[in-house]
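Please look over the sequence and the predicted model shown here, and keep both at hand while reading the paragraphs that follow.

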Amino acid sequence: MGLLNEAYFYVGAYTSDSEPTGISYCRLNTETGEIAVVDTYRDLPNASFLALNEARTVLYAVSETDTYEGRKGGSVAAYAIAPETGKLTKLNQQPTDGSAPCYVSLDGEGRRLYVANYMGGNVTVLPIQADGSLGAPVQLLQHAGAIGPRADRQEAPHAHSIVPTPDNRFAVAADLGLDRLLVYAIAAESGDLAPHSEAALAAGAGPRHVVFSADQRYVYAVNELDSTVTVLSYDAAAGRMAAVQSLSTLPAGFSGESTCADIHLSGDGRFLYASNRGDDSITVYAVDRQRGTLTVAGWASTQGRTPRNFALSPDGGFLLAANQDASTLVVLRRSAETGLLEETGITAAISRPVCVKFV
């Protein structure tokens, strides 16, 4: 699916009647950083988060809506990926039974699909069929408990993401409304989820996304509301975690409103990246891989408003930032030695992009 100096990726976006493209298929030149839109798809409204199976043969996308076919809650769709062209063919679509689904992931064995429903404050589990299509939901796990202090944003539970642990024994859901990370045990035989443990974050933090270190010793959570990243130690055997460090994502002297959105580790685990919507930047942290702790290395402008999610290219040479409110995808060059990012001047026009996933 391309030449040696090419990498391909999908972009999920918010849609409207005038801008109906929900998914775009794009190409990155890994030498120059140039990007091109190869194909577009208009059959899924508000395709705000994407996930790929391990074989890269099926793409899954949530449709962040409040109703689906007259049923309360959003939906999630499965698309077969043509191996030579990357062209998408929809396999099927299923309800999530929770409003505003905003995140999708697969368990490590590809048996179950997990969806976090933001307004529903819950997590949906769907079985994955042999051909990659989705079965009807088999679980809806409702979050509950004491909510955070931000009355404007934490009036109820808000499940913002769910990801399996690297060993596939647990799945971790970040709930922005509860200021907690909820750990679910994955049943070995069925793949079903069961509540297991919780980790409390700072009041008003609003956890959004998490990423694990490769050795499973640490978890990094980006917190939307207080613009911080929290480092948590993780006991993989027990499935329990606890906060050990918290750092601001914003430069000293910043004034104004800003919220965090996404977080990723470099492939070698030496650097961590987080996006700021308001400061409109990517924060770069150096990682102490022995202790798991972070040190700020620098910041880079995303050259556009409201960077939502972002992705590192497979070779680690570039970072692609989705500027939702500027309707641009911006390419930043990344140094493997320092982790720092620099402008390339390369931008692609994509309406309201919110998620980037490399094939």
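Cys-355 is buried in this predicted model, since its relative accessible area comes to 1%, a value that falls under the 20% below which a residue is counted as buried. Cys-260 is likewise placed among the buried residues, because its relative accessibility is 0%.

A reader who finds cysteines in the interior may next want to know how many disulfides the model contains. A disulfide is a covalent bond between the sulfur atoms of two cysteines, and the criterion applied here is that the two sulfur atoms lie within 2.5 Å. By that criterion the count is zero. For Cys-260, which takes part in no disulfide, the nearest cysteine sulfur belongs to Cys-102 and is 16 Å away. Cys-355 is in no disulfide either, and here too the nearest cysteine sulfur is that of Cys-102, at 11 Å.

From single buried residues we can turn to groups of them. In soluble globular proteins, nonpolar side chains tend to be buried together. In this model the largest nonpolar core has 66 residues, and the members with the most contacts inside it are Ile-23, Leu-113, Leu-181 and Leu-193. Leu-181 gives an idea of such surroundings: when its neighbours within four places in sequence are left aside, the residues in contact with it include Val-172, Ala-173, Leu-201, Pro-207, Val-210, Leu-232 and Met-241, and also Ser-197 and Glu-198. Apart from the largest core lies another one, of 17 residues, among which are Ala-322, Ala-348, Ile-350 and Val-356.

The strands offer another way through the structure. Four of them form an open sheet in the order β10-β11-β12-β13, and their pairing is antiparallel. At the edges of this sheet are β10, covering 101-106, and β13, covering 139-142, each of which pairs on one side only. Direction ignored, neighbouring strands in the sheet are turned against each other by 20 degrees on average. Between β12, which spans residues 122-127, and β13 the antiparallel pairing runs over four bridges, and within this part of the sheet Val-123 stands opposite Leu-141 in β13.

Elsewhere in the sequence, strand β5 takes in residues 58-63 and contains Ser-63. Is Ser-63 buried or exposed? Ser-63 is buried, because its relative accessible area is 2%. Leaving aside residues within four places in sequence, its contacts are Leu-44, Pro-45, Asn-46, Gly-74, Ser-75, Gln-93 and Pro-101.

Note on methods: Residues numbered from 1 in each chain as written. Predicted model: local features only at pLDDT ≥ 70, side-chain atom pairs only at ≥ 80, totals over all residues. Heavy atoms only, no water. Helix = DSSP H or I, 4+ residues; strand = E, 2+ residues; numbered from the N terminus. Buried < 20%, exposed > 50% of the residue type's maximum accessible area, 1.4 Å probe, protein only. Contact = heavy atoms within 4.5 Å. Pairing = 2+ DSSP bridges. Axes fitted to C-alpha atoms, helices over the stretch in contact; angles between N-to-C directions. Core = buried A, V, L, I, M, F, W, Y, C linked by side-chain atoms within 4.5 Å.
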